[in-house]
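Grab a pencil and work through these exercises with the model open beside you. Try each task before you read its solution.

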Amino acid sequence: MQSSVFTTKRFLAGEVFPFPDAPIERGVVTVIEGEVTAISELAASDPSIPLHDLGDVALFPAPLNLHTHLLFSGRAIPVGEAGSSFPSWLAEVGKVQAAHTTPPEKRFREGHKQAQNSDAALVADFCPDPEWALDLSTAQPPLFAFHELIAPTLARTEGVLESVKTFLGQYVACDEEDALPWRRYGLAPHALYSTTTELLEGSVELAKEYDLPLAIHLAESPEERECLAAGTGPLAEFLRSFVPDWSPQPSGEADTYLPALELLAQAPRVLLIHANYLNANELDFLAQHREKFGIVHCPYSHRWFGYDRFPLEAVLERGIPVALGTDSPASGGVLEMTENIRLLRRERPGIPLVELLRMATTTAAQLLGLDVANPFGSHYDGAFGRLQIGQRCSLVTTPRLP
Ligand SMILES: [Zn+2]
(Lines give C-alpha, C1' and ligand atoms only; values in the text may rest on other atoms or scores of the structure.)
Protein backbone atom coordinates (compact mmCIF):
# COMPACT_ATOMS: atom_id res chain seq x y z
CA MET A 1 0.00 0.00 0.00
CA GLN A 2 1.68 3.22 -1.13
CA SER A 3 -0.11 6.26 0.30
CA SER A 4 -0.24 8.99 -2.34
CA VAL A 5 -0.05 12.72 -1.66
CA PHE A 6 -3.84 12.83 -2.03
CA THR A 7 -4.57 10.17 0.59
CA THR A 8 -6.44 11.42 3.66
CA LYS A 9 -7.76 8.49 5.65
CA ARG A 10 -7.60 6.58 8.87
CA PHE A 11 -6.40 3.02 8.20
CA LEU A 12 -7.68 0.50 10.75
CA ALA A 13 -5.86 -2.84 11.01
CA GLY A 14 -6.01 -5.88 13.30
CA GLU A 15 -2.49 -5.05 14.45
CA VAL A 16 -0.28 -2.07 13.61
CA PHE A 17 3.51 -2.30 13.94
CA PRO A 18 4.75 1.30 14.34
CA PHE A 19 8.44 0.39 14.53
CA PRO A 20 10.46 1.32 16.53
CA ASP A 21 7.52 1.45 19.00
CA ALA A 22 5.48 -1.51 20.27
CA PRO A 23 2.57 -3.03 18.26
CA ILE A 24 -1.01 -1.73 18.71
CA GLU A 25 -4.01 -4.12 18.60
CA ARG A 26 -6.86 -2.68 16.48
CA GLY A 27 -4.56 0.20 15.60
CA VAL A 28 -5.21 3.17 13.36
CA VAL A 29 -2.70 4.96 11.13
CA THR A 30 -4.01 8.40 10.24
CA VAL A 31 -2.71 9.77 6.96
CA ILE A 32 -3.40 13.35 5.85
CA GLU A 33 -2.41 14.28 2.30
CA GLY A 34 0.00 11.36 2.18
CA GLU A 35 1.72 12.07 5.51
CA VAL A 36 1.33 9.97 8.65
CA THR A 37 -0.10 12.33 11.30
CA ALA A 38 -1.11 9.90 14.06
CA ILE A 39 -0.74 6.25 15.10
CA SER A 40 -3.11 5.22 17.87
CA GLU A 41 -5.89 2.96 19.07
CA LEU A 42 -9.19 3.41 17.25
CA ALA A 43 -10.85 5.29 20.13
CA ALA A 44 -8.07 7.87 20.20
CA SER A 45 -8.19 8.64 16.46
CA ASP A 46 -9.91 11.64 14.87
CA PRO A 47 -13.50 10.61 13.94
CA SER A 48 -13.81 13.41 11.37
CA ILE A 49 -11.35 11.65 9.02
CA PRO A 50 -12.80 8.85 6.82
CA LEU A 51 -12.08 5.38 8.19
CA HIS A 52 -10.83 2.59 5.92
CA ASP A 53 -11.06 -0.79 7.64
CA LEU A 54 -8.32 -3.04 6.21
CA GLY A 55 -9.65 -6.03 8.14
CA ASP A 56 -7.79 -8.46 10.33
CA VAL A 57 -4.37 -7.75 8.88
CA ALA A 58 -0.94 -6.83 10.18
CA LEU A 59 0.09 -3.35 8.99
CA PHE A 60 3.81 -2.60 8.99
CA PRO A 61 6.48 -0.52 7.20
CA ALA A 62 7.49 -1.93 3.82
CA PRO A 63 10.32 -4.47 4.35
CA LEU A 64 13.83 -4.20 2.95
CA ASN A 65 15.19 -7.01 0.82
CA LEU A 66 18.80 -7.33 1.92
CA HIS A 67 20.03 -9.85 -0.61
CA THR A 68 19.34 -10.22 -4.31
CA HIS A 69 21.16 -10.92 -7.55
CA LEU A 70 19.01 -8.94 -9.98
CA LEU A 71 21.26 -10.11 -12.81
CA PHE A 72 19.83 -13.61 -12.28
CA SER A 73 16.28 -12.49 -11.51
CA GLY A 74 14.84 -11.57 -14.89
CA ARG A 75 13.75 -15.14 -15.56
CA ALA A 76 11.87 -15.84 -12.37
CA ILE A 77 12.51 -19.58 -12.42
CA PRO A 78 15.09 -21.68 -10.60
CA VAL A 79 18.17 -23.03 -12.37
CA GLY A 80 18.50 -26.79 -11.92
CA GLU A 81 16.55 -28.92 -9.48
CA ALA A 82 15.42 -28.15 -5.95
CA GLY A 83 17.71 -29.93 -3.52
CA SER A 84 20.75 -29.59 -5.83
CA SER A 85 24.10 -29.43 -4.11
CA PHE A 86 25.54 -25.92 -4.14
CA PRO A 87 28.50 -26.80 -6.42
CA SER A 88 26.29 -28.52 -9.01
CA TRP A 89 23.92 -25.51 -8.94
CA LEU A 90 26.89 -23.16 -9.53
CA ALA A 91 27.89 -25.24 -12.55
CA GLU A 92 24.33 -25.02 -13.94
CA VAL A 93 24.25 -21.24 -13.40
CA GLY A 94 27.57 -20.97 -15.25
CA LYS A 95 26.08 -22.81 -18.25
CA VAL A 96 22.94 -20.65 -18.28
CA GLN A 97 25.00 -17.46 -18.06
CA ALA A 98 27.31 -18.56 -20.87
CA ALA A 99 24.34 -19.34 -23.12
CA HIS A 100 22.73 -15.89 -22.69
CA THR A 101 22.59 -13.65 -25.71
CA THR A 102 21.03 -10.70 -23.84
CA PRO A 103 23.64 -8.22 -22.51
CA PRO A 104 24.03 -8.42 -18.71
CA GLU A 105 22.96 -4.81 -18.13
CA LYS A 106 19.65 -5.53 -19.86
CA ARG A 107 19.16 -8.65 -17.75
CA PHE A 108 19.90 -6.58 -14.65
CA ARG A 109 17.16 -4.12 -15.67
CA GLU A 110 14.77 -7.01 -16.20
CA GLY A 111 15.64 -8.20 -12.70
CA HIS A 112 14.88 -4.76 -11.31
CA LYS A 113 11.47 -4.88 -13.03
CA GLN A 114 10.78 -8.10 -11.10
CA ALA A 115 11.72 -6.30 -7.88
CA GLN A 116 9.37 -3.44 -8.81
CA ASN A 117 6.49 -5.86 -8.63
CA SER A 118 7.49 -6.91 -5.12
CA ASP A 119 6.68 -5.34 -1.74
CA ALA A 120 10.28 -4.32 -0.93
CA ALA A 121 10.96 -0.71 0.09
CA LEU A 122 14.58 -1.18 -0.98
CA VAL A 123 16.66 -3.91 -2.58
CA ALA A 124 20.31 -4.56 -1.65
CA ASP A 125 21.87 -6.27 -4.64
CA PHE A 126 25.16 -8.00 -5.41
CA CYS A 127 25.88 -6.04 -8.57
CA PRO A 128 28.90 -6.82 -10.77
CA ASP A 129 28.86 -3.28 -12.22
CA PRO A 130 27.54 -0.49 -9.94
CA GLU A 131 27.11 1.78 -12.98
CA TRP A 132 24.05 -0.33 -13.80
CA ALA A 133 22.56 0.63 -10.44
CA LEU A 134 23.41 4.30 -11.01
CA ASP A 135 21.34 4.24 -14.18
CA LEU A 136 18.40 3.24 -11.99
CA SER A 137 19.17 5.71 -9.19
CA THR A 138 15.73 7.34 -9.30
CA ALA A 139 13.79 4.11 -9.94
CA GLN A 140 11.60 2.37 -7.37
CA PRO A 141 12.39 0.43 -5.33
CA PRO A 142 15.71 2.15 -4.60
CA LEU A 143 18.77 -0.06 -5.03
CA PHE A 144 21.63 -0.43 -2.60
CA ALA A 145 24.47 -1.66 -4.81
CA PHE A 146 26.97 -4.01 -3.25
CA HIS A 147 29.80 -3.98 -5.78
CA GLU A 148 30.40 -7.68 -6.37
CA LEU A 149 34.12 -8.49 -6.40
CA ILE A 150 35.43 -11.82 -7.66
CA ALA A 151 39.14 -12.61 -7.88
CA PRO A 152 40.20 -16.16 -7.07
CA THR A 153 43.80 -15.40 -8.12
CA LEU A 154 46.36 -12.78 -7.21
CA ALA A 155 46.69 -11.87 -10.89
CA ARG A 156 43.07 -10.69 -10.95
CA THR A 157 43.02 -9.09 -7.51
CA GLU A 158 44.77 -5.85 -8.37
CA GLY A 159 42.52 -5.07 -11.34
CA VAL A 160 39.38 -5.68 -9.29
CA LEU A 161 40.52 -3.37 -6.48
CA GLU A 162 41.47 -0.74 -9.07
CA SER A 163 37.94 -0.82 -10.48
CA VAL A 164 36.57 -0.07 -7.00
CA LYS A 165 39.00 2.80 -6.50
CA THR A 166 38.07 4.25 -9.88
CA PHE A 167 34.38 4.12 -9.00
CA LEU A 168 34.92 5.72 -5.60
CA GLY A 169 37.21 8.38 -7.10
CA GLN A 170 34.50 9.28 -9.56
CA TYR A 171 31.63 9.68 -7.10
CA VAL A 172 32.89 10.35 -3.59
CA ALA A 173 34.30 13.75 -4.41
CA CYS A 174 31.03 14.92 -6.01
CA ASP A 175 28.66 17.44 -4.47
CA GLU A 176 25.67 16.27 -2.47
CA GLU A 177 23.34 15.79 -5.46
CA ASP A 178 25.80 13.66 -7.40
CA ALA A 179 27.06 11.92 -4.29
CA LEU A 180 23.64 10.33 -3.85
CA PRO A 181 24.48 7.09 -5.66
CA TRP A 182 27.52 6.20 -3.62
CA ARG A 183 25.60 6.57 -0.38
CA ARG A 184 23.82 3.46 -1.55
CA TYR A 185 27.05 1.64 -2.26
CA GLY A 186 29.01 -1.05 -0.48
CA LEU A 187 31.59 -3.70 -1.30
CA ALA A 188 30.78 -7.36 -1.77
CA PRO A 189 33.78 -9.63 -1.95
CA HIS A 190 31.73 -12.51 -3.34
CA ALA A 191 32.76 -15.36 -0.99
CA LEU A 192 35.88 -16.71 0.68
CA TYR A 193 36.30 -19.37 -2.00
CA SER A 194 36.11 -16.86 -4.87
CA THR A 195 38.40 -14.15 -3.51
CA THR A 196 42.01 -13.94 -2.42
CA THR A 197 42.99 -12.85 1.07
CA GLU A 198 44.52 -9.79 -0.59
CA LEU A 199 41.15 -8.89 -2.11
CA LEU A 200 39.48 -9.31 1.26
CA GLU A 201 42.12 -7.16 2.96
CA GLY A 202 41.87 -4.50 0.24
CA SER A 203 38.07 -4.45 0.55
CA VAL A 204 38.27 -4.02 4.32
CA GLU A 205 40.76 -1.16 3.93
CA LEU A 206 38.54 0.64 1.41
CA ALA A 207 35.46 0.05 3.57
CA LYS A 208 37.30 1.67 6.50
CA GLU A 209 38.56 4.57 4.41
CA TYR A 210 35.16 5.41 2.88
CA ASP A 211 32.91 4.15 5.72
CA LEU A 212 31.22 1.58 3.50
CA PRO A 213 29.35 -1.57 4.50
CA LEU A 214 30.68 -4.92 3.32
CA ALA A 215 28.65 -7.96 2.35
CA ILE A 216 29.91 -11.48 1.66
CA HIS A 217 28.40 -14.92 1.09
CA LEU A 218 29.68 -16.95 4.02
CA ALA A 219 29.21 -20.52 5.24
CA GLU A 220 26.36 -21.05 2.82
CA SER A 221 26.76 -24.79 2.17
CA PRO A 222 28.42 -27.78 3.86
CA GLU A 223 30.58 -28.12 0.74
CA GLU A 224 31.98 -24.63 1.40
CA ARG A 225 33.27 -25.64 4.83
CA GLU A 226 35.01 -28.69 3.41
CA CYS A 227 36.41 -26.72 0.48
CA LEU A 228 37.91 -24.02 2.71
CA ALA A 229 39.13 -26.32 5.45
CA ALA A 230 40.76 -29.04 3.37
CA GLY A 231 40.76 -27.78 -0.21
CA THR A 232 38.83 -30.90 -1.22
CA GLY A 233 35.31 -31.90 -2.20
CA PRO A 234 32.96 -30.93 -5.01
CA LEU A 235 33.21 -27.15 -4.55
CA ALA A 236 37.02 -27.25 -4.66
CA GLU A 237 36.84 -29.47 -7.77
CA PHE A 238 34.44 -27.01 -9.40
CA LEU A 239 36.78 -24.09 -8.66
CA ARG A 240 39.81 -25.98 -10.01
CA SER A 241 37.98 -26.55 -13.28
CA PHE A 242 38.40 -22.77 -13.82
CA VAL A 243 41.53 -22.05 -11.80
CA PRO A 244 43.73 -25.18 -11.79
CA ASP A 245 45.99 -23.98 -8.97
CA TRP A 246 43.13 -22.76 -6.75
CA SER A 247 43.82 -23.23 -3.03
CA PRO A 248 41.76 -22.23 0.02
CA GLN A 249 42.17 -18.72 1.44
CA PRO A 250 42.94 -17.70 4.07
CA SER A 251 45.40 -20.50 4.81
CA GLY A 252 42.76 -23.24 5.16
CA GLU A 253 44.81 -25.11 7.73
CA ALA A 254 41.86 -25.62 10.06
CA ASP A 255 38.11 -26.01 9.89
CA THR A 256 37.32 -22.51 11.09
CA TYR A 257 35.97 -19.24 9.75
CA LEU A 258 37.51 -17.30 12.66
CA PRO A 259 40.54 -15.83 10.81
CA ALA A 260 38.25 -14.51 8.08
CA LEU A 261 35.76 -13.15 10.62
CA GLU A 262 38.59 -11.42 12.52
CA LEU A 263 39.66 -9.73 9.31
CA LEU A 264 36.09 -8.73 8.39
CA ALA A 265 35.48 -7.34 11.90
CA GLN A 266 37.85 -4.49 11.04
CA ALA A 267 35.32 -3.11 8.52
CA PRO A 268 32.67 -0.62 9.73
CA ARG A 269 29.72 -3.00 9.11
CA VAL A 270 29.47 -6.45 7.57
CA LEU A 271 26.50 -8.38 6.23
CA LEU A 272 27.12 -12.11 6.28
CA ILE A 273 24.87 -13.57 3.61
CA HIS A 274 23.42 -16.96 4.66
CA ALA A 275 25.87 -17.97 7.45
CA ASN A 276 24.07 -21.33 7.55
CA TYR A 277 26.96 -23.47 8.76
CA LEU A 278 28.75 -21.48 11.45
CA ASN A 279 29.62 -23.35 14.64
CA ALA A 280 29.06 -22.16 18.22
CA ASN A 281 32.55 -20.60 18.50
CA GLU A 282 32.03 -18.63 15.33
CA LEU A 283 28.57 -17.46 16.42
CA ASP A 284 30.09 -16.44 19.77
CA PHE A 285 32.63 -14.34 17.89
CA LEU A 286 29.83 -12.61 15.98
CA ALA A 287 28.01 -11.98 19.25
CA GLN A 288 31.13 -10.34 20.69
CA HIS A 289 31.25 -8.07 17.62
CA ARG A 290 27.52 -7.67 17.13
CA GLU A 291 27.84 -3.94 16.49
CA LYS A 292 29.75 -4.85 13.31
CA PHE A 293 27.99 -7.94 12.00
CA GLY A 294 24.54 -8.84 10.78
CA ILE A 295 23.34 -12.06 9.18
CA VAL A 296 21.04 -12.07 6.16
CA HIS A 297 18.81 -15.14 6.06
CA CYS A 298 17.04 -16.03 2.78
CA PRO A 299 14.15 -18.37 3.72
CA TYR A 300 12.93 -19.60 0.32
CA SER A 301 16.38 -20.04 -1.18
CA HIS A 302 17.47 -21.87 1.98
CA ARG A 303 14.56 -24.27 1.68
CA TRP A 304 15.13 -24.77 -2.05
CA PHE A 305 18.67 -26.05 -1.46
CA GLY A 306 17.45 -28.21 1.42
CA TYR A 307 20.15 -26.92 3.77
CA ASP A 308 20.18 -27.93 7.43
CA ARG A 309 17.87 -25.86 9.59
CA PHE A 310 19.22 -22.31 9.90
CA PRO A 311 20.20 -21.77 13.59
CA LEU A 312 17.95 -18.71 13.91
CA GLU A 313 17.15 -19.24 17.59
CA ALA A 314 20.85 -19.63 18.47
CA VAL A 315 21.67 -16.49 16.51
CA LEU A 316 18.90 -14.44 18.14
CA GLU A 317 19.78 -15.71 21.62
CA ARG A 318 23.26 -14.31 21.10
CA GLY A 319 21.86 -10.89 20.10
CA ILE A 320 23.33 -11.06 16.59
CA PRO A 321 21.25 -8.86 14.25
CA VAL A 322 19.37 -10.78 11.55
CA ALA A 323 17.78 -9.32 8.43
CA LEU A 324 16.01 -11.08 5.59
CA GLY A 325 16.77 -11.34 1.91
CA THR A 326 15.38 -13.30 -0.97
CA ASP A 327 18.43 -14.26 -3.03
CA SER A 328 17.52 -14.72 -6.69
CA PRO A 329 14.79 -16.81 -8.29
CA ALA A 330 17.67 -18.79 -9.84
CA SER A 331 18.13 -20.42 -6.42
CA GLY A 332 14.46 -20.69 -5.57
CA GLY A 333 14.22 -17.18 -4.11
CA VAL A 334 10.81 -15.49 -3.95
CA LEU A 335 11.17 -11.71 -4.29
CA GLU A 336 7.99 -10.97 -2.32
CA MET A 337 9.33 -10.23 1.17
CA THR A 338 5.99 -10.83 2.84
CA GLU A 339 6.02 -14.39 1.48
CA ASN A 340 9.46 -14.96 3.04
CA ILE A 341 8.20 -13.64 6.38
CA ARG A 342 5.18 -15.93 6.16
CA LEU A 343 7.36 -18.97 5.40
CA LEU A 344 9.58 -18.14 8.34
CA ARG A 345 6.51 -17.72 10.56
CA ARG A 346 5.30 -21.20 9.60
CA GLU A 347 8.75 -22.71 10.18
CA ARG A 348 9.33 -20.91 13.52
CA PRO A 349 6.04 -20.71 15.40
CA GLY A 350 8.02 -20.06 18.61
CA ILE A 351 9.34 -16.72 17.39
CA PRO A 352 6.82 -13.85 17.75
CA LEU A 353 5.69 -12.23 14.50
CA VAL A 354 6.90 -8.86 15.79
CA GLU A 355 10.46 -10.24 15.90
CA LEU A 356 10.29 -11.45 12.30
CA LEU A 357 8.85 -8.14 11.09
CA ARG A 358 11.53 -6.23 12.98
CA MET A 359 14.24 -8.23 11.18
CA ALA A 360 12.81 -7.32 7.79
CA THR A 361 12.31 -3.64 8.60
CA THR A 362 14.19 -1.80 11.37
CA THR A 363 17.11 -4.23 11.70
CA ALA A 364 17.59 -4.32 7.93
CA ALA A 365 17.60 -0.51 7.74
CA GLN A 366 20.04 -0.24 10.64
CA LEU A 367 22.45 -2.67 8.99
CA LEU A 368 22.59 -0.43 5.92
CA GLY A 369 22.69 2.81 7.93
CA LEU A 370 19.33 3.83 6.45
CA ASP A 371 17.28 4.01 9.65
CA VAL A 372 17.56 7.79 9.86
CA ALA A 373 15.25 10.48 8.50
CA ASN A 374 15.89 11.43 4.88
CA PRO A 375 18.78 9.03 4.32
CA PHE A 376 19.02 10.09 0.70
CA GLY A 377 18.55 13.81 1.33
CA SER A 378 15.86 15.38 -0.82
CA HIS A 379 15.41 12.20 -2.84
CA TYR A 380 13.56 10.24 -0.18
CA ASP A 381 11.01 11.35 2.35
CA GLY A 382 11.48 9.09 5.32
CA ALA A 383 13.65 6.66 7.20
CA PHE A 384 13.43 3.06 6.06
CA GLY A 385 11.95 0.33 8.19
CA ARG A 386 9.98 2.69 10.43
CA LEU A 387 6.40 3.82 10.72
CA GLN A 388 6.35 7.19 12.44
CA ILE A 389 4.46 10.45 12.53
CA GLY A 390 5.65 12.84 9.85
CA GLN A 391 6.65 10.13 7.42
CA ARG A 392 5.50 9.55 3.91
CA CYS A 393 6.09 5.88 3.73
CA SER A 394 5.07 2.67 2.03
CA LEU A 395 3.13 0.31 4.24
CA VAL A 396 2.46 -3.35 3.70
CA THR A 397 -0.35 -5.51 4.99
CA THR A 398 -0.50 -9.24 5.37
CA PRO A 399 -3.29 -11.41 6.78
CA ARG A 400 -2.52 -11.91 10.44
CA LEU A 401 -0.75 -15.10 11.30
CA PRO A 402 -1.52 -17.08 14.42
ZN1 LIG B 1 23.64 -14.61 -3.09
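**Exercise 1.** Which domains does the domain assignment of the protein chain give?

Before we start: this is a predicted model, where local features need pLDDT of at least 70, side-chain atom pairs count only at pLDDT 80 or more, and totals for chains, interfaces and linings use all residues. Residues are numbered from 1 along each chain as its sequence is written.

Step 1: you should find domain 1 (9–60 + 385–399) and domain 2 (64–379); such bounds come from an automatic or database domain assignment.

Step 2: taken over C-alpha atoms, the centres of domain 1 and domain 2 are 33 Å apart.

**Exercise 2.** How many residues of domain 1 are in contact with domain 2?

Step 1: count a contact when two C-beta atoms, placed from the backbone, lie within 7 Å.

Step 2: that gives 11 residues of domain 1, touching 14 residues of domain 2.

Step 3: on the domain 1 side, strand E5 (57–61) and strand E14 (395–399) each give two or more residues. Strands (E, at least two residues) and helices (H or I, at least four) are DSSP runs, numbered from the N terminus.

**Exercise 3.** Which residues of helix H13 (residues 337–347) are buried?

Step 1: call a residue buried if 20 or more other C-beta atoms, placed from the backbone, lie within 10 Å of its own.

Step 2: your list should read Met 337, Thr 338, Asn 340, Ile 341 and Leu 344.

Step 3: look down the axis of H13; the buried residues fall within an arc of 160°, so they line one face of the helix. The arc is that of the directions from the helix axis to the C-beta atoms.

Step 4: among the packing partners of these buried residues are strand E6 (64–68) and helix H11 (299–305).

How values were computed
A residue is buried if 20 or more other C-beta atoms lie within 10 Å of its own, exposed if 12 or fewer, and partly exposed in between; C-beta atoms are placed from the backbone.
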